[in-house]
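Please take a moment with the sequence and the model below before reading on. The paragraphs that follow walk through the chain, beginning with one loop and moving outwards to the whole.

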Amino acid sequence: MKIPQIIDRSQDEHFMREALVLAAEGAGLGEVPVGAVLVRGGEIVGRGFNCPISRRDPSAHAEMVAIRAAAAALDNYRLPGSTLYVTLEPCSMCAGLIVHARVARVVFGASEPRAGVAVSRGDFFAQDFLNHRVLIEGGLLAEECGAILKAFFRARRG
């Protein structure tokens, strides 16, 4: 399958910083600090941070919240030509949603060695059975994205 040629990396850092702001907002509410923004046409159309505790919803990961918001804002369950910026490598649940929503590109910050399925625990997005291909780029502002998580868990332990 062909990967769409929609790549404009000129604003990647800006959008990842927006995701970091959301991660900090979630941390302030006692949620694991992961933030996500979904961008299409150079504009943020969906925002989210992890909130499964406050929403009492195990599916309320940052990616899920941002994609749901974007789908509602665009009045479409498919989001072709979009880029998802997320501070942490997606898990299997979010990876499935990314494919079903037809997100074109995912840019993540920190790797997730326990549950990340973009690179850490395998490459979910390269599976032959998928009917949509997603371009994956990891490591953008990885130190900052990882630092907010480390600080959060250090504070909880200590």
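Leu141 sits in the loop that runs between strand 5 (135-138) and helix 5 (142-157), and in this predicted model the residue takes a positive phi of about 50° although it is not a glycine. Most residues other than glycine have a negative phi. With a relative accessibility of 15%, Leu141 counts as buried, since the cut-off for that word is under 20% relative accessible area.

A second residue with a positive phi that is not a glycine is Asp75, whose value is about 55°. Asp75 belongs to the loop between helix 3 and strand 3, and with a relative accessible area of 71% Asp75 is exposed. Just after helix 4 there is also Arg102, which takes a positive phi of about 65°.

How do these loops fit into the order of the chain? Counted together, the secondary structure comes to 5 helices and 5 strands, and from the N terminus on the elements follow one another as α-β-β-α-α-β-α-β-β-α. The radius of gyration of the chain is 14 Å, close to the 15 Å that the globule rule gives for 158 residues, so the chain is as compact as a globular protein of that length. Measured out along its principal axes, the C-alpha trace spans about 50 × 30 × 30 Å. Of the 158 residues in the chain, buried residues make up 47%, and among the contacts with a separation of 6 or more, 60% are accounted for by residues 24 or more positions apart. The surface that the chain exposes is about 8000 Å², with carbon and sulfur atoms supplying 52% of it. As for charge, the chain has 18 positive and 17 negative side chains, and the centres of the two sets lie 5 Å apart.

From the whole, one can turn to helix 4 (residues 92-100), whose buried residues are Cys94, Ala95, Gly96, Ile98 and Val99. These buried residues pack against helix 3 (62-74), strand 3 and strand 4 (105-110). Cys94, placed in helix 4, has a relative accessibility of 0% and counts as buried. If its neighbours within four places in sequence are left aside, Cys94 is in contact with His61 and Glu63. Between Cys94 and Ala19, which are 75 residues apart in sequence, the distance in space is 16 Å from C-alpha to C-alpha.

Helix 1 offers another buried position, for Asp12 has its place in that helix and is buried, with a relative accessible area of 6%. Which residues is Asp12 in contact with, leaving aside its neighbours within four places in sequence? The contacts of Asp12 are Tyr85, Arg105, Val107, Glu137 and Leu140. In the segment before helix 1 lies Asp8, which is partly exposed, with a relative accessible area of 45%. The C-alpha atoms of Asp8 and Phe124 are separated by 24 Å, and these two residues are 116 residues apart along the chain.

Tyr85, named above as a contact of Asp12, also leads to the aromatic rings, for which a search of the whole structure finds 4 pairs. A pair of aromatic rings is described by the distance of the centres and the angle of the planes. Phe15 and Tyr85 form a tilted pair, with 5.4 Å from centre to centre and 35° between the planes. Because Phe15 lies in helix 1 (residues 12-28) and Tyr85 in strand 3 (residues 82-88), the pair ties together parts that are 70 residues apart in sequence. Both of these residues, Phe15 and Tyr85, are buried.

A further pair is formed by Phe124 and Phe129, whose ring centres are 6.5 Å apart and whose planes stand at 75°, so this pair is edge-to-face. Phe129 is exposed, with a relative accessible area of 61%. Ring pairs also bring in Phe125, linking Phe124, Phe125 and Phe129 into a cluster.

Terms used:
Residues are numbered from 1 along each chain as its sequence is written. This is a predicted model: local features need pLDDT of at least 70, side-chain atom pairs count only at pLDDT 80 or more; totals for chains, interfaces and linings use all residues. Side-chain values use heavy atoms; hydrogens and water are left out. Helices (H or I, at least four residues) and strands (E, at least two) are DSSP runs, numbered from the N terminus. The radius of gyration is taken over C-alpha atoms; the globule rule is 2.2 Å times the number of residues to the power 0.38. Buried means under 20% relative accessible area, exposed over 50%, partly exposed in between (1.4 Å probe, protein chains only). Contact means heavy atoms within 4.5 Å. Accessible areas come from the Shrake-Rupley method with a 1.4 Å probe; for residues, only the protein chains shown count as cover. Lys and Arg count as positive and Asp and Glu as negative; His and the chain ends are not counted. The place of a charge is taken as NZ of Lys, CZ of Arg, CG of Asp or CD of Glu. Rings of Phe, Tyr and Trp (its six-membered ring) pair if their centres lie within 6.5 Å; planes under 30 degrees apart count as stacked, over 60 as edge-to-face and the rest as tilted.
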